[in-house]
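Here are a few worked exercises to try with the model open beside you. Have a go at each task before you read its solution.

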Amino acid sequence: NWRDHYNNRQQYIEAQQWIVRFQELQSFKAKHGNCNAPQNAGKLGYWVHNQRGQYRLLQEGKQSSMSDERVQKLKAIGFQWSP
């Protein structure tokens, strides 16, 4: 049940969408050898751009949807924080 781990249903949905995009990024890397999906690559490209922005906010101590767990997952597949 989503209530066991999230404050509301929207948080749960956003977390599931993050996992889907992360899996897409893993497939992109397998095909292209990197995680640099261009912004014009549809939802994945926008998501990659957004992850960089959220990471920047986290580094600046501002409110961000980027968690330590997400940072570690992205680092583990060789995500570049600056394109």
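**Exercise 1. Which helices each supply at least two residues of the lining of the second largest pocket?**

Before starting, note that this is a predicted model, where local features need pLDDT of at least 70, side-chain atom pairs count only at pLDDT 80 or more, and totals for chains, interfaces and linings use all residues. Residues are numbered from 1 along each chain as its sequence is written, and side-chain values use heavy atoms, with hydrogens and water left out.

Step 1: get the terms straight. Helices are DSSP runs of H or I with at least four residues, numbered from the N terminus. A pocket is an open set of points on a 1 Å grid over the protein atoms alone, where a 1.4 Å probe fits, with protein on both sides within 12 Å along at least five of seven lines; lining residues have an atom within 4 Å of a point.

Step 2: list the lining, which is Tyr6, Ala15, Trp18, Ile19, Ser65, Ser67, Glu69, Arg70 and Lys73.

Step 3: assign the helices. H1 and H3 each supply at least two of these lining residues.

Step 4: add the volume, about 210 Å³, taken as the space filled by probe spheres set on the points, which are joined across faces, edges and corners.

**Exercise 2. Describe the lining of the largest pocket.**

Step 1: the largest pocket has a volume of about 350 Å³.

Step 2: its lining has 13 residues, and Glu14, Gln17, Trp18, Trp47 and Asn50 lie nearest the centre.

Step 3: H1 gives the largest share of that lining, 6 residues, while H1 and H2 each supply at least two.

Step 4: sort by class. The lining divides into 4 nonpolar, 5 polar and 4 charged residues, where Ala, Val, Leu, Ile, Met, Phe, Trp, Tyr, Cys and Pro count as nonpolar, Asp, Glu, Lys and Arg as charged, and the others, Gly among them, as polar.

**Exercise 3. Check the span of H1, then find its buried residues and what covers them.**

Step 1: the expected span is 1.5 Å times one less than the number of residues. H1 has 24 residues, so it should span 34 Å, and its end C-alpha atoms are indeed 34 Å apart.

Step 2: buried means under 20% relative accessible area, exposed over 50%, and partly exposed in between, with a 1.4 Å probe and protein chains only. In H1 the buried residues are Ala15, Trp18, Arg21, Phe22, Leu25 and Phe28.

Step 3: H2 and H3 are among what covers them.

Step 4: zoom in on Arg21, which counts as buried because its relative accessibility is 18%. Contact means heavy atoms within 4.5 Å; not counting residues up to four places away in sequence, Arg21 touches Lys43, Leu44 and Trp47.

**Exercise 4. Which residues does Tyr55 contact, leaving aside its neighbours within four places in sequence?**

Step 1: place Tyr55 in helix H2, where it is buried at 16% relative accessible area.

Step 2: with those neighbours left aside, Tyr55 is in contact with Met66, Val71, Lys75 and Trp81.

Step 3: take one pair. Tyr55 and Val71 are 16 residues apart in sequence and 7.8 Å apart in space, C-alpha to C-alpha.

Step 4: turn to Trp81. With neighbours within four places in sequence left aside, the contacts of Trp81 include Gln51, Arg52, Tyr55 and Leu74.
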